[in-house]
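I opened my notebook for a quick look around this one. Come along and see what I looked up.

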Amino acid sequence: MLVLGIESSCDETAAAVCSFSDDGSKSLLSSEVASQINVHRLYGGVVPEIAGRAHCEAICGTVSAALSKADKTLDDIDVIGVTSTPGLIGALLVGVSYAKALAYSTGKPLVAVNHIKAHVAANYLCHPNLKPPFTALVVSGGHTSLIDVRTYTDFRRIGRTRDDAAGEAFDKIGRVLGLYYPCGAEMDALAAKGNKNAFRFPSAAIADDTLDFSFSGLKTAALNTINSLKQKNLPVVAEDIAASFTEAFTSSICKKILPAVKHCGYDKIVLAGGVSANSHLRRALSELAQENGYSFYTPPLPLCGDNGAMVAAQAYFEYLEGNISDIYLNAMA
Ligand code: KG4
Ligand code: ZN
């Protein structure tokens with residue numbers, strides 16, 4: 001079965017073609033990502049109105065490129081999957097409207113995909129043996145969630161951030177350090193060169209027996225430290241700020257992951273979302289999983305950020321469950 005996946009929830013217009021066989025094998029035939037980062041960079045973050053317009057400009061070319069790089073035509077496609085929630089409404093609407101028109105005009109089934117489920121599904125494309133149930137952590141620019149993944153489609157959120165998402169904190173601190181949006185990858189590289197004990201930032205793991213996080217206190221502590229160094233005319237060593245922030249971020253996640261896995265009762269941990277590209281987090285979670293006898297899965301870097309392949313993967317499992325949308329499908333922010 002060939003699935004076309006379309007993604008436009010934030011600042012990447014993406015499309016991919018994936019092939020799924022009855023024996024469970026999956027292959028990624030193409031994955032095209034048209035990034036809008038250079039435009040949003042001028043404003044230090046994603047401007048929703050500009051994102052929607054840029055998706056309109058890019059979507060036809062991106063889908064055509066995904067089909068031609070897969071050496072397929074629209075006729076070959078069996079299922080059209082599209083991210084319908086969550087995300088920026090003006091951005092989501094472009095992908096949803098485009099996919100609806102494509103499905104309506106070709107008579108092919110249309111499948112609505114949840115963006116968070118899609119991030120998790122990226123793992124099925126690169127870890128052929130991975131199957132639910134497992135405990136997932138989705139960390140991105142808009143989300144930080146611990147999830148009990150019971151089946152390919154049945155997700156129960158067991159923990160979440162009560163305020164900022166992890167990626168948002170990386171981006172805001174990076175911006176004040178003078179980095180270009182999105183700052184996560186550069187913060188990652190700086191952290192590798194800094195002293196993680198230079199500053200002691202508060203934990204983002206909420207201290208009672210909840211599985212929730214709060215990143216706003218950690219983010220504000222890092223921002224206040226930078227501002228106070230500047231006010232005192234003291235040097236701001238970006239490497240040390242990045243390393244100390246990353247240490248607080250990583251240890252906060254590690255604090256909640258074992259209780260989350262115990263709560264679910266599984267032996268597998270899956271890490272997904274844009275922030276799952278963070279080398280320090282990947283290392284820490286992989287070591288923690290190994291020490292405690294759990295298997296650990298995370299996608300390779302090109303499948304961590306937003307892409308169409310993860311949408312195609314989740315669309316395939318939704319389709320098998322009979323979750324097919326009609327022409328009245330709407331986007332939800
Ligand atoms: O999943 P994603 O592409 O978009 C959303 O669904 O939000 O995630 C983007 C986020 C940005 O905040 C970006 O700074 C962050 O992922 N990110 C990273 C790294 N690479 C990207 N954060 C930390 N370390 C990284 N290496
Ligand atoms: Zn995402």
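**Entry 1: an aromatic cluster.** I began with the rings, keeping in mind that this is a predicted model. Phe20, Tyr124, Phe134, Tyr152, Tyr316 and Phe317 came up together as one aromatic cluster.

**Entry 2: ring pairs.** How many aromatic pairs does a search of the whole structure find? I got 12. I picked out phenylalanine 213 and phenylalanine 215, a stacked pair with 5.8 Å centre to centre and 25° between the planes. Both of these rings sit out of reach: phenylalanine 213 is buried at a relative accessible area of 0%, and phenylalanine 215 is buried with 0% too.

Phenylalanine 215 also pairs with phenylalanine 249, and here the geometry is tilted, at 6.1 Å centre to centre and 45° between the planes. I then checked where the two partners lie. Phenylalanine 215 is in the loop between α6 (184-193) and α7 (216-231), while phenylalanine 249 belongs to helix α8 (residues 238-264), so this pair ties together parts that are 34 residues apart in sequence. Phenylalanine 249 is buried as well, at 0% relative accessibility.

**Entry 3: the zinc ion.** Which protein atoms are the donors of the zinc ion (ligand 2)? I noted His115 (NE2), His119 (NE2) and Asp306 (OD), lying 2.0 to 2.1 Å from the ion. Along the sequence I wrote their spacing down as H-x3-H-x186-D. Histidine 115 is in helix α4 (residues 115-126) and aspartate 306 in the loop between β10 (295-297) and α10 (308-320), a pair that links distant parts of the chain, 191 residues apart. My last check was burial: histidine 115 and aspartate 306 are both buried.

Notes:
Residues are numbered from 1 along each chain as its sequence is written. Chains are lettered from A and ligands numbered from 1 in the order in which they are written. This is a predicted model: local features need pLDDT of at least 70, side-chain atom pairs count only at pLDDT 80 or more; totals for chains, interfaces and linings use all residues. Side-chain values use heavy atoms; hydrogens and water are left out. Donors are N, O and S atoms within 2.8 Å of the metal (3.2 Å for Na, K and Ca); water is not among the atoms, so sites may look incomplete. Helices (H or I, at least four residues) and strands (E, at least two) are DSSP runs, numbered from the N terminus. Buried means under 20% relative accessible area, exposed over 50%, partly exposed in between (1.4 Å probe, protein chains only). Rings of Phe, Tyr and Trp (its six-membered ring) pair if their centres lie within 6.5 Å; planes under 30 degrees apart count as stacked, over 60 as edge-to-face and the rest as tilted.
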